[in-house]
Amino acid sequence: MELLSNTKNGLYCEMADVYIDPWRKVQKALITHGHSDHAKPGHSQYMCHKNSVSILKHRIGKNIKVRGYNFGESISINGVKFSFHPAGHIIGSAQVRVEYKGEIWVVTGDYKLGDDEVCTPFEPIKCHTLITESTFGLPIYKWESPGNVFNQINQWWAENKANKQTSVIYAYSLGKAQRILKHLSKDIDKIYAHASIYNTNKTLIEHGIYDTHCEELSPKTADLNGALIITPQSSTALKNINQTHSIKTAMASGWMATRNTRKNRLIDKGFVLSDHADWDDLLTAIASSEAERVIVTHGYQEAFARYLSELGLKAETYKTAFEGESTLK
Amino acid sequence: MKAISELYIRLEESKNLDKKCDLLVAYFKQTSSEDLLWSMSLLLDKANKRLVPIKTLKEWTLAFTNTPLWLFDQCHPLVKDAAETLALLLPKSVNTTKKPLFDWMNNIEQHKKSSSSEKQTFINHSWNVLSKNERIVFNKLITGNLRFNLSQKLLLKSLSDAFDLAIPSIAHRLLDSFSPLDDSFENWLFKPSAKDVNAKPYPFKPIKKLKLPLEKLGDAKDWIGEYLWEGVQVQWIKRENEIFIWEDNMTLISLIFPELLDAQIFSGANIVLQGTIVLMKEDRVLDYSQIASRLKRKSITKKTLSDFPAKMLINDVLELNGISLSKKPWSVRRKLLNEIYPTLDNKLFLLADVIQDNLWGPFRDAHKDARSINASSILLRPIGSLEKEESPSFLWELDGFSVNAVLLYVESSVDRRSINALTFALWDKNELIPIAKVENHLDDELKREIQLWVRKNTLEKFGPIKSVKPFYVFEITFENIAESRRKKSGLTLKYPTLGKYLKEIKPREAHKLSVLKEMLQKHIK
Ligand SMILES: [Zn+2]
Ligand SMILES: [Zn+2]
């Protein structure tokens with residue numbers, strides 16, 4: 001019996017009877033971070049890093065049963081030792097380390113290397129088996145320095161402002177939005193966030209885990225010339241603004257790395273900014289874990305695992321719920 | 001290389017022409033004159049800098065980056081563009097060089113004759129000092145795949161804005177071949193040439209649409225009528241044995257119609273003819289869509305020339321033997337036309353028959369017959385009209401109607417490979433109300449564009465019919481309009497057909513349903 005296995009409910013530790021980021025309702029769930037593909041509603045008991053507690057309550061429900069832990073704090077369940085370690089993905093994001101009788105597994109969850117100045121930076125954890133994500137697990141994905149990207153964003157805003165246009169950036173309400181807001185130029189005097197982002201920020205600020213304030217975009221916000229709006233793409237609020245203001249739209253995402261994806265979205269500008277590790281960083285993270293065995297999930301797992309095998313590593317894949325539950329036993 | 005690469009990416013990202021023009025003007029103003037002529041040859045897609053086929057570049061990239069072929073095959077479909085995929089596979093760029101464009105172009109030129117391994121070394125070294133976007137442009141350039149696809153009109157406008165020059169006198173410079181290796185930008189753009197004067201067209205005068213009843217024009221005998229066809233309104237200029245063809249939007253389109261460029265066509269000296277170029281098949285004028293697709297071509301093949309030959313229907317002569325005829329009345333110019341016509345090649349030039357009578361009746365008959373011969377309107381000119389003076393000519397349009405409508409539904413063919421029919425709608429407040437379903441007469445290119453677009457912009461599906469986001473605006477022409485209680489719009493259009501794709505018109509600016517309702521009201525009265 002393996003320490004962790006892939007089941008129809010998700011990643012499972014039979015020895016301790018707990019799941020990690022399960023996609024179906026379970027008793028005990030260890031959650032790597034608050035994104036909805038990792039933190040599903042309906043579990044009886046949630047365990048996560050302490051900075052994820054308020055996020056989970058905000059997104060799933062006030063009354064869920066959740067307990068937060070410090071990074072490195074050891075949780076012992078039926079002789080299995082679990083602990084959370086920084087993943088550098090978003091606020092509260094963690095890798096899960098699992099140890100039993102000297103055998104160590106690490107589940108990375110989503111992660112990126114480098115310091116984004118919003119969350120605790122990734123820390124490599126030595127292990128025997130590493131379960132890694134591979135969202136950008138192809139060699140065409142190589143990020144340029146985030147500092148450059150923020151300069152591009154600030155410049156883009158300045159250009160739009162000079163043309164009396166409103167800049168709109170589409171970004172996830174948890175993670176990307178906070179990161180961009182934090183790095184916007186001080187010259188941008190009018191910054192508005194869509195309600196879903198504004199409310200997330202409010203929760204984070206109240207809990208002392210985020211510090212960049214901005215105003216909420218409301219239908220009453222009159223003067224948007226030269227302003228910058230940050231919003232999830234699904235927002236309908238934009239429809240009204242579009243009728244009264246000339247807007248320029250941009251998306252900040254790792255997917256913007258190719259001309260083809262930029263062209264296919266109905267946006268004016270694409271910024272290559274990701275909270276996931278790029279190709280080089282995935283390889284760096286795997287090397288620094290010193291794992292003998294790598295299990296690839298969440299992304300281009302087939303290609304990435306094949307590449308790792310060709311490098312001489314023992315690599316295999318797990319499928320997640322989204323890619324084909326039917327193939328699971 | 002840096003500036004031209006940024007320009008390439010940003011031009012591709014900007015969706016409107018003004019923005020593209022601004023980018024070009026800024027580029028022209030910032031770029032050193034040593035780089036400018038090379039830039040022009042790139043912007044005009046005239047520089048052939050192919051060093052290696054893309055297949056070889058792929059082999060070299062895979063070797064350089066230690067990438068297995070199967071991994072390239074995984075990436076390529078996501079990026080779509082092979083040169084870009086190869087650029088993205090390279091290690092992150094660290095040190096980039098400021099080496100100017102002309103240096104790069106000279107280097108590339110020098111390596112055309114190098115051995116394969118010298119080329120490979122040059123390319124590997126180049127990658128090491130180029131940024132991500134530069135590598136994309138560089139890879140395209142050295143594989144002969146770099147295309148800016150800019151219209152002459154846009155380039156001319158940008159050049160004229162940046163350097164304060166008049167479009168008519170610089171246009172010919174874009175068509176002629178030039179060599180950045182032996183020439184300078186200053187020479188190319190600013191050195192006066194005989195052509196600056198020879199190529200110059202007369203202003204194209206807009207013709208008013210006839211909105212009054214015919215009788216209001218006065219006596220029929222004072223007017224001459226002529227059919228006009230759907231085609232390109234042009235001035236055909238022959239001066240000093242060279243021919244220039246101008247479109248009425250001030251684009252020099254000589255190269256699009258090579259059949260009309262032979263100086264032997266007209267044996268006389270300098271002449272300026274005005275008229276319409278049409279494409280013909282067995283004496284029948286073809287639809288506008290045919291000539292529109294020829295205008296988009298960069299090079300005209302022999303097959304196009306023989307399948308759909310172009311002819312010019314002459315309406316006017318503006319200059320003869322170097323003397324401007326603008327002071328002569330139309331009757332005199334028409335007489336001159338009759339005299340010159342036999343000296344022109346009658347396979348290429350046609351002189352429209354005139355409609356002349358003491359009564360308006362025959363004019364009306366001609367107007368009624370117009371559609372049967374594919375004419376688009378009748379041009380009415382007062383016999384005494386001078387080219388430059390007020391007494392205006394009129395465009396008497398056919399009794400058809402048209403509206404600018406938004407594409408709402410797309411119906412696929414049974415095999416899902418093609419489009420069967422398109423349903424168009426007009427605005428009623430914030431709602432789009434369907435007004436006409438038309439057959440698909442799109443040219444292949446546009447059809448493919450729309451099919452791709454539909455895939456990503458479908459809102460709902462009902463069997464083979466998909467509803468799509470408001471985006472495409474087309475002219476819908478129809479012959480008549482009637483009331484219809486059964487339809488949501490309250491009216492029905494007779495013989496609706498798909499007109500031009502109105503790229504410049506935003507969906508929000510398409511017509512309102514009230515426009516049709518007004519037409520209906522007027523028509524019933
Ligand atoms: Zn995530
Ligand atoms: Zn995720």
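A single salt bridge is counted between domain 1 and domain 2 of chain A in this predicted model. A salt bridge also links D275(A) to R179(A), with 2.7 Å separating the closest N and O atoms. The domain assignment of chain A places residues 5–141 together with 275–317 in domain 1, and residues 146–271 in domain 2. D275(A) therefore falls in domain 1 and R179(A) in domain 2, given bounds that come from an automatic or database domain assignment.

The wider setting of this pair is the boundary between the two domains. Their C-alpha centres are 29 Å apart, and contact involves 18 residues of domain 1 of chain A and 18 residues of domain 2 of chain A. Together the two domains bury about 1,600 Å², and carbon and sulfur atoms make up 68% of that area. On the domain 1 side of chain A, the residues losing the most area to domain 2 are H58(A), V118(A) and D275(A), which together give 28% of what that side buries. D275(A) thus appears both in the salt bridge with R179(A) and among the residues of domain 1 that lose the most area.

Attention now turns to the interface between the chains. Here 27 residues of chain A touch 30 residues of chain B. The buried area comes to about 2,500 Å², with 49% of it from carbon and sulfur atoms. For chain A, the trio of I140(A), K142(A) and R259(A) contributes 26% of the area buried against chain B, more than any other three residues. Eight salt bridges are counted between chain A and chain B. K269(A) and E13(B) form a salt bridge through their side chains, at 3.2 Å from N to O.

K269(A) also leads to the second largest pocket, as one of the lining residues that lie nearest its centre; the others are E144(A), Q152(A), E6(B) and N133(B). The volume of this pocket is about 1,500 Å³, and its lining consists of 45 residues. Sorted by class, 18 of the lining residues are nonpolar, 13 are polar and 14 are charged.

Elements from both chains supply the lining. In chain A, α2 (146–162) and β17 (269–271) each provide at least two lining residues. In chain B, the helices that each provide at least two are α1 (2–13), α2 (17–30), α6 (82–89) and α9 (132–142). The second largest pocket is thus lined by parts of chain A and chain B alike, and K269(A), close to its centre by the ranking above, is also the chain A partner of E13(B).

Note on methods: Residues are numbered from 1 along each chain as its sequence is written. Chains are lettered from A and ligands numbered from 1 in the order in which they are written. This is a predicted model: local features need pLDDT of at least 70, side-chain atom pairs count only at pLDDT 80 or more; totals for chains, interfaces and linings use all residues. Side-chain values use heavy atoms; hydrogens and water are left out. On a 1 Å grid over the protein atoms alone, a cavity is a set of points where a 1.4 Å probe fits but cannot get out, and a pocket is an open set with protein on both sides within 12 Å along at least five of seven lines; lining residues have an atom within 4 Å of a point. Grid points are joined across faces, edges and corners, and a volume is the space filled by probe spheres set on the points. Helices (H or I, at least four residues) and strands (E, at least two) are DSSP runs, numbered from the N terminus. Ala, Val, Leu, Ile, Met, Phe, Trp, Tyr, Cys and Pro count as nonpolar, Asp, Glu, Lys and Arg as charged, and the others, Gly among them, as polar. Contact means heavy atoms within 4.5 Å. Buried area is the accessible area (1.4 Å probe) that two parts lose on being put together, summed over both. A salt bridge is a side-chain nitrogen of Lys or Arg within 4 Å of a carboxyl oxygen of Asp or Glu.
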